[in-house]
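Please open the structure in your viewer and keep the selection panel at hand. The tour below proceeds from one selection to the next.

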Amino acid sequence: MKTIIIATDFSESAINATKYAADLAEVIDADLLLMHVYQLPVSFGEVPIPIYGEDLESGASKKLDEIKVELETSTSNNLKVNTLVKAGLFFNELRTVCEEIKPYAIVMGSQGTTAAERFWFGGHTVYAMKHLMWPLLTIPPTANFSAIKKIGLACDFDKIEKTVPVNEIKNIVEDFNAELHVLNIGKKENFNAAIVFESAVLRDLFAPVKINYHFLSDDDTSDNIIGFTQNHQLDLLVVLPKHHSLLDLIFHKSYSKDMVLHSQVPVLTMHR
């Protein structure tokens, strides 16, 4: 059985992501796991302040139970929803749970509506995007689930067979019976034999799924991709974060990060 994990901090952005995930789960017949991680605050004053972990846990459990009832009611009890509260560091606890249940995807809000939400939850989202090896679906605060008919894949055509999780992407395309649009950044006036070769490799790997290729200008990479997704009404954008050397990290602009934090279309981050 497929399981979708919803990592929530109860912010407005996270609540919207929860609603999106519930609608998504109904379509693909998946279970939901509502998960919240709390961290005990540290007291720096001279006078120790008692901190009760039980209160934090019970408060979070109560909120999750309320959300669970709302989701079950709105889906006429057709959706199986479980809850989980963990104490510790957000990413460590999320990764441990993923290793245990091997989820279909993890869903999080990509942007907060307040400055504090953008700083705290946005930081969790970006870190998980870079380091979590399971598919991570980030939902913009204004996104509503209707259907996934067009899926975009941002691809640089570099070492396709080693960097693109073909089978996983094919499964998602087939789950939703969607079109696959591959977006590549480059200069149209320059003939690049490597790109021609890699695009043919990608076509063969994805067969029988048909690929629609789109070659975009290399100026403002993330803005061009975001603009394309909106203008062509894509329902989902898949990005493939890559691991860089220390020198690359100093000079490299994180296009994946920009797309996750600024896209108005849900972004699915996947690793190979």
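How many bridges join strand 2 to strand 3? Select strand 2 (residues 31–38) and strand 3: seven bridges join these parallel strands. Strands are DSSP runs of E with at least two residues, helices runs of H or I with at least four, both numbered from the N terminus; two strands pair if DSSP finds at least two bridges between them. Within this pair, Met35 stands opposite Leu84 of strand 3.

This is a predicted model, in which local features need pLDDT of at least 70 and side-chain atom pairs pLDDT 80 or more, while totals for chains, interfaces and linings use all residues. Residues are numbered from 1 along each chain as its sequence is written, and side-chain values use heavy atoms, without hydrogens and water.

Next, display the whole sheet. The sheet is open and has 10 strands in the order 3-2-1-4-5-10-9-6-7-8, with mixed pairing. Its edge strands, strand 3 (81–87) and strand 8 (211–216), each pair on one side only.

Now add helix 6 (residues 166–176), which lies across strand 6 (150–154), strand 7, strand 9 (236–239) and strand 10 (267–269). Helix 7 (residues 193–206) packs on the sheet and touches strand 6, strand 7 and strand 8.

Finally, select Asn184 in strand 7 (residues 179–185). Asn184 counts as buried because its relative accessibility is 2%, where buried means under 20% relative accessible area (1.4 Å probe, protein chains only). A polar atom of the Asn184 side chain lies 2.9 Å from the backbone oxygen of Cys155.

Key. Buried means under 20% relative accessible area, exposed over 50%, partly exposed in between (1.4 Å probe, protein chains only). A polar contact is a pair of N or O atoms within 3.5 Å; within protein, one must be able to donate a hydrogen and the other to accept it, and residues adjacent in sequence count only if both atoms are side-chain atoms. Contact means heavy atoms within 4.5 Å. Axes are lines fitted to C-alpha atoms, for helices over the stretch in contact, and angles run from 0 to 180 degrees between N-to-C directions.
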